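Subject: Structure handover and what was found in it

Hello,

Here is the structure we spoke about, with some notes to read beside it. Please keep it open while you go through them.

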Amino acid sequence: MKKLIRFVFKLVRRVITIGVVAFVLTFGIYMSNAENKLIYDVVRPFLTKHYDKQARDRRI
């Protein structure tokens, strides 16, 4: 019984530790605005290049 309780406490401690680390990482990304910088520097040029290559049909 003691082994089971000890295992459960270790498991809970690991889950809490992983949760705290994940929270700190995501909070750091949020506070540094890293996701928007990534989109602006990486994704936007790719999409601009892609859509600039498309032929335009300007008929009304």
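Is Phe 23 buried or exposed? Before the reply, please keep in mind that this is a predicted model. With a relative accessible area of 54%, Phe 23 is exposed, because anything over 50% is counted that way. Phe 27, at a relative accessible area of 43%, is partly exposed.

These two residues belong together in another way, since both sit in helix H1, which covers residues 2–31, and they are four residues apart there, about one turn of the helix. In general, two aromatic rings are described as a pair by the distance of their centres and the angle of their planes. The ring centres of Phe 23 and Phe 27 are 5.8 Å apart and the planes meet at 25°, so the pair is stacked, given that planes under 30 degrees apart count as stacked. The count of aromatic pairs comes to one.

Helix H1 also contains Arg 13, which is exposed with a relative accessible area of 59%. On the surface, Arg 13 gathers with Lys 2, Lys 3, Arg 6, Lys 10 and Arg 14 in a patch of positive charge.

The loop between H1 and helix H2 (34–52) holds Asn 33, a residue that is partly exposed, with a relative accessible area of 33%. What deserves a careful look here is the backbone, as phi of Asn 33 is near 60°, a positive value in a residue other than glycine. As a general background, most residues other than glycine have a negative phi.

Within helix H2 you will find Val 43, which is partly exposed at a relative accessible area of 35%. If you would like to relate this helix to the charged patch, Val 43 and Arg 14 are 29 residues apart in sequence, and their C-alpha atoms are 35 Å apart in space.

Lastly, there is one salt bridge in the structure, and it joins Asp 57 to Arg 59, with the closest N and O atoms 2.9 Å apart. Asp 57 is exposed, having a relative accessible area of 55%, and Arg 59 likewise counts as exposed, at 70% relative accessibility.

Best wishes

Definitions and conventions:
Residues numbered from 1 in each chain as written. Predicted model: local features only at pLDDT ≥ 70, side-chain atom pairs only at ≥ 80, totals over all residues. Heavy atoms only, no water. Phe/Tyr/Trp six-rings, centres within 6.5 Å; stacked < 30°, edge-to-face > 60°. Buried < 20%, exposed > 50% of the residue type's maximum accessible area, 1.4 Å probe, protein only. Patch = residues over 30% accessible without salt bridge, like charges linked within 9 Å, V, L, I, M, F, W, Y side chains within 5 Å. Areas by Shrake-Rupley, 256 points an atom, 1.4 Å probe, with all protein chains shown as cover. Salt bridge = Lys/Arg side-chain N within 4 Å of Asp/Glu carboxyl O. Lys, Arg positive; Asp, Glu negative; His and termini not counted. Charge placed at Lys NZ, Arg CZ, Asp CG, Glu CD.
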